[in-house]
Structures are given as C-alpha cells and as structure tokens.
Amino acid sequence: DLKKVAEDGDATATELANAQQAYDDAVKAEQGKLQDAKNAAADVTVPKNVSDNKTVTDLLTALHDTAADGNATASALTAAQKAYDDAVTEAQSALATKKSTADKTTIDTNISDDKATQDALANLKKIAEDKNATASDLQKAQDAYDKAVTDAQGVLNDGKETAQKSINSLDIPEAEGIRADPSVAEAEADLKAKLKDDNATATDIANAQNKLDQAVKVANKAIDDAKKALAATPVDTKTVKNESSVAAAQKALDDLMASQYTSLAQLNAAQETLQNAVDAAKAKRAVANNGANDAIANVPANVAGDATVKAAQANLQALVDAAAKDGQVADKNALTADILKATTALQSAVTVANSTLSESTDAAKSALDTAVTGAQSKLVDTKDQAKQEVKTSNDNKAWQDNAAVANATDALQNLIDSETATKTDIDNAIASLKSAEQAADNKLADVTATAKSALGKTAPVSGEKAVVDSAKD
C-alpha cells in the first residue's frame with residue numbers, strides 16, 4: 001500500500017507513483033460507494049404500514065441527516081441505516097402481531113346480533129388484512145370495535161334491566177291472576193332463562209320480553225272478556241241461591257270478579273264450581289220437594305184434622321212455596337234442609353196422631369167391651385128375672401084367664417127368646433107384666449069383695465040349699 005511504499009527507502013518513483021495512484025483510485029472508489037450509499041439513504045422512505053411509527057420516522061430523519069452530512073463516514077451511515085432498518089423490522093413485526101390478533105377477533109355471542117359491532121369487526125378485520133394499514137389505522141379500528149362492543153353491552157344490559165322490570169311487575173299480589181295464566185307463566189320462564197343465559201343476545205331478550213308482554217296483554221283481555229261475559233250471563237241460581245253451598249260458591253265467584261288479582265283459570269273454576277253447586281242443590285231440592293208433596297198429599301184422612309198435623313202440613317207447604325221463590329219463612333231463608341226437616345216433622349206428626357188415635361180407639365173399644373160385657377151380664381140377669389116373672393105368671397091360677405096378663409106374659413117370653421131384645425125392652429115388658437098382674441089382682445079383689453058382700457044379702461033365702469051350695473062354690 002501507499003504507506004509501505006512511502007516508507008520503503010528503496011522504492012522507486014514509479015512504484016511510489018503507482019502506489020499513490022492505487023491509493024487515489026481506492027479513495028475515489030470508496031468515496032463513490034459512500035456517496036452512492038448516501039444517495040440511496042437519502043432516497044429511503046418509510047413503509048406505509050409503519051409510517052405512523054415515531055421511532056421509525058425519527059430514525060429515518062437521522063439516516064437522511066447522516067446521508068446529507070458531507071463529513072459522515074460510511075460506518076456512521078451504516079449504523080444509521082441499521083438502526084432504521086431494525087426499527088422498521090421491529091415495528092412491522094409488532095404490527096403484524098397486532099394485525100394477526102385483530103384478525104382473530106370474534107364477537108361475544110351475547111352481542112353477536114349488534115349491527116354496529118358486526119360492522120366494526122368487519123372493518124377491523126379489513127384493516128388487519130391491509131398490508132399498508134398502520135398501527136394507528138389498526139388502533140383506530142380496534143377502538144371503534146371496542147366502543148361498539150361497549151355500546152352493544154350497554155344495550156344488552158339495558159335490555160336485561162328492562163326485562164327484569166317486566167318480571168318484577170308480575171311479582172306482586174295484583175299480578176297473581178295474570179301470572180297464573182299458562183301462556184304468561186311459560187313466557188315468564190322463557191324470559192328468566194334468557195336472562196340467566198350468558199349467550200343470550202339483546203334480540204333474544206327483547207323477543208322473550210315481547211312474548212311475555214303479549215302474553216300478559218292477551219291474558220288481561222281474556223280475564224276482562226270472561227268477567228264481562230259472566231256479568232252479562234251469570235249462573236242461574238234461582239230457587240237455590242240461599243243454599244249454603246250455592247251462596248258460598250257465588251261469593252267466591254263475586255270476590256274473584258271484583259278482584260284485580262284474578263286469573264282466567266280461577267274465574268273458570270269458580271264458575272264451574274258455582275254451576276255444579278247449583279245443579280247439585282236443585283237436584284236435592286227436587287228430591288225434597290217430591291218428598292214434601294207426597295207427605296202433604298198423603299196425610300191420612302183419619303188424622304187430617306189433627307191440629308199438630310195441620311200445622312206441620314201448613315208449615316211444610318209454606319217452606320216449599322217460599323224456597324221456590326228464594327224467600328223466607330219466619331224471617332229465615334227457606335232451604336232444602338228445612339223442607340226435609342219439615343217433611344220429617346209432618347210425618348212424625350202423622351205418626352203421633354195415628355198413635356194417639358189408635359190409643360183412643362183402643363181405649364174406647366176397651367170401654368165399649370167393658371160396657372157390652374156389663375150390659376150383657378145385666379141383660380142375662382134381666383132375662384133370668386123375666387123368666388122368673390113368666391114362671392110366676394104362669395103358676396098363678398088367678399091370672400090364667402086374664403087376657404092382659406097372658407098377653408104381657410107372651411110378650412115377655414118373646415123378648416126372652418129374642419136375640420135382639422135389649423135390657424130396656426125386657427125391663428119394660430116386666431113392668432108391663434107386673435102392671436097387668438096388679439090389674440088382675442085388683443080386679444080379682446073387687447070380684448071377691450062383691451061375692452062376699454052378696455053372701456050377706458041372701459036372707460030370707462040364705463038357708464036355701466041352692467043358695468047354700470052356690471055360696472060354697
């Protein structure tokens with residue numbers, strides 16, 4: 001090299017000139033290379049995808065400054081170039097990683113229905129796939145996507161809050177009837193399930209809430225319509241409305257009609273209960289009325305005039321008539337139980353009256369039998385007396401030719417022989433015989449007295465035989 005030749009005392013001028021030329025050529029060549037490098041460095045531009053990177057742009061400025069510096073050495077330029085190239089490589093590597101991450105971004109299921117989020121994600125992926133997109137572009141797209149996600153989550157949370165309010169609105173006594181509706185219960189359960197589902201979207205929740213709102217609306221209308229229908233055509237409780245089962249069922253239905261907590265199922269069940277109570281009560285009333293009418297119509301004639309029977313019969317008829325009009329007897333509702341009780345009372349009155357009548361009849365019969373027995377005994381005694389009177393009459397020769405005595409005796413004998421003659425008939429006949437006998441005795445006494453008187457009046461012929469003989473007779 002030039003230095004070696006210059007220090008060589010034996011070097012010729014030619015060798016020195018050649019060495020100098022070689023050195024000059026080398027310097028010139030290196031200077032040309034340096035200038036080319038500087039020119040190349042001066043022409044370096046930042047890749048679009050990292051043009052927003054300050055480190056890269058700062059190092060590019062330093063490279064350009066080095067290239068423009070006439071005193072800058074090749075090593076300085078190389079160092080500046082390397083620093084810049086490394087910065088570009090590092091920035092692009094970092095950007096590539098971010099773009100890859102962004103490109104893999106997916107929307108959470110629970111906000112996957114949000115259009116703004118969908119659009120923001122599509123733009124983010126587009127930026128991630130754009131080789132010229134910078135980190136700033138990517139960050140801007142990422143920020144837009146993140147905001148869309150935040151907004152979507154806000155919409156979702158608002159939807160959940162609104163849905164929960166709808167559910168809470170049913171969790172009160174006033175909503176018991178609505179909540180009991182099968183469609184409402186199903187819709188409420190579906191909405192609750194959606195609220196517990198982490199993947200449920202705002203659309204899912206809104207649809208479930210709308211389903212619940214519609215079910216509530218339909219249920220409310222159904223209840224209102226049912227109440228209007230019942231008010232327009234109530235269950236016919238006529239003739240049995242005061243029966244306890246009917247009255248209780250009617251009150252239960254009336255309470256439901258007046259309540260804002262009533263469900264359609266409760267209304268339908270209460271109406272059916274009332275109708276069943278009415279049907280059962282009318283069936284029992286029909287049986288009771290039939291029994292009452294039979295009891296009234298079949299009061300035996302022999303006790304129909306009994307005061308207790310008549311009172312029971314009148315009370316039963318009054319109850320039957322009042323019950324048919326949902327009326328009262330003695331300030332009390334006339335009920336089927338009252339009719340049954342009154343029917344039993346009438347039957348008991350008839351039984352008691354029959355028993356009393358039977359006892360009276362038996363007593364009368366007994367008294368009659370006693371009287372008959374006594375009368376028959378007296379009749380026998382009287383007939384015995386009569387027989388003795390007849391015998392006495394027949395045995396008395398003084399009465400033999402007395403027609404009155406004979407007729408009275410025959411009459412008395414006929415009565416003795418008669419099956420129908422009474423004691424009075426025989427007593428009268430005995431009296432008649434005695435009277436005839438007395439008359440006969442009186443007549444005989446008169447005749448005897450006359451005869452005796454005649455005996456004393458025969459003088460002067462009283463001694464005559466014919467007179468004497470006649471007197472003896």
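Let me begin with a term: a residue is called buried when its relative accessible area is under 20%, exposed when that area is over 50%, and partly exposed in between. By that rule Gln317, with a relative accessible area of 30%, is partly exposed, and please keep in mind that we are looking at a predicted model. Gln317 sits in helix H12, which covers residues 307–324, and although Asn289 is 28 residues away along the chain, the C-alpha atoms of the two are separated by 9.6 Å.

Now let us turn to helix H8, residues 182–196, whose 15 residues reach 21 Å from the first C-alpha to the last, close to the 21 Å expected. At its start, a side-chain oxygen of Asp181 comes to within 2.9 Å of the backbone nitrogen of Ser183. Which residues of H8 are buried? They are Val184, Ala187, Glu188, Leu191 and Leu195, and because they fall within an arc of 100° when we look down the axis of H8, they line one face of the helix. This buried set packs against helices H6, H7 and H9, while the face turned away from it carries the exposed residues Pro182, Glu186 and Lys196.

Val184 deserves another look, since Val184 and Leu212 have the most contacts inside the largest nonpolar core, a set of 48 residues. The elements that give two or more residues to this core include H6, H8 and H9, and the largest share, ten residues, comes from H6. Leaving aside residues up to four places away in sequence, Val184 touches Leu212, Ala215 and Val216, among others. Apart from this core lies another, of 21 residues, including Ala288, Ala322, Ala323 and Val350.

Conventions:
Residues are numbered from 1 along each chain as its sequence is written. This is a predicted model: local features need pLDDT of at least 70, side-chain atom pairs count only at pLDDT 80 or more; totals for chains, interfaces and linings use all residues. Side-chain values use heavy atoms; hydrogens and water are left out. Helices (H or I, at least four residues) and strands (E, at least two) are DSSP runs, numbered from the N terminus. The expected span of a helix is 1.5 Å times one less than its number of residues. Buried means under 20% relative accessible area, exposed over 50%, partly exposed in between (1.4 Å probe, protein chains only). The arc is that of the directions from the helix axis to the C-beta atoms. Contact means heavy atoms within 4.5 Å. A polar contact is a pair of N or O atoms within 3.5 Å; within protein, one must be able to donate a hydrogen and the other to accept it, and residues adjacent in sequence count only if both atoms are side-chain atoms. A nonpolar core is a set of buried Ala, Val, Leu, Ile, Met, Phe, Trp, Tyr and Cys residues joined through side-chain atoms within 4.5 Å.
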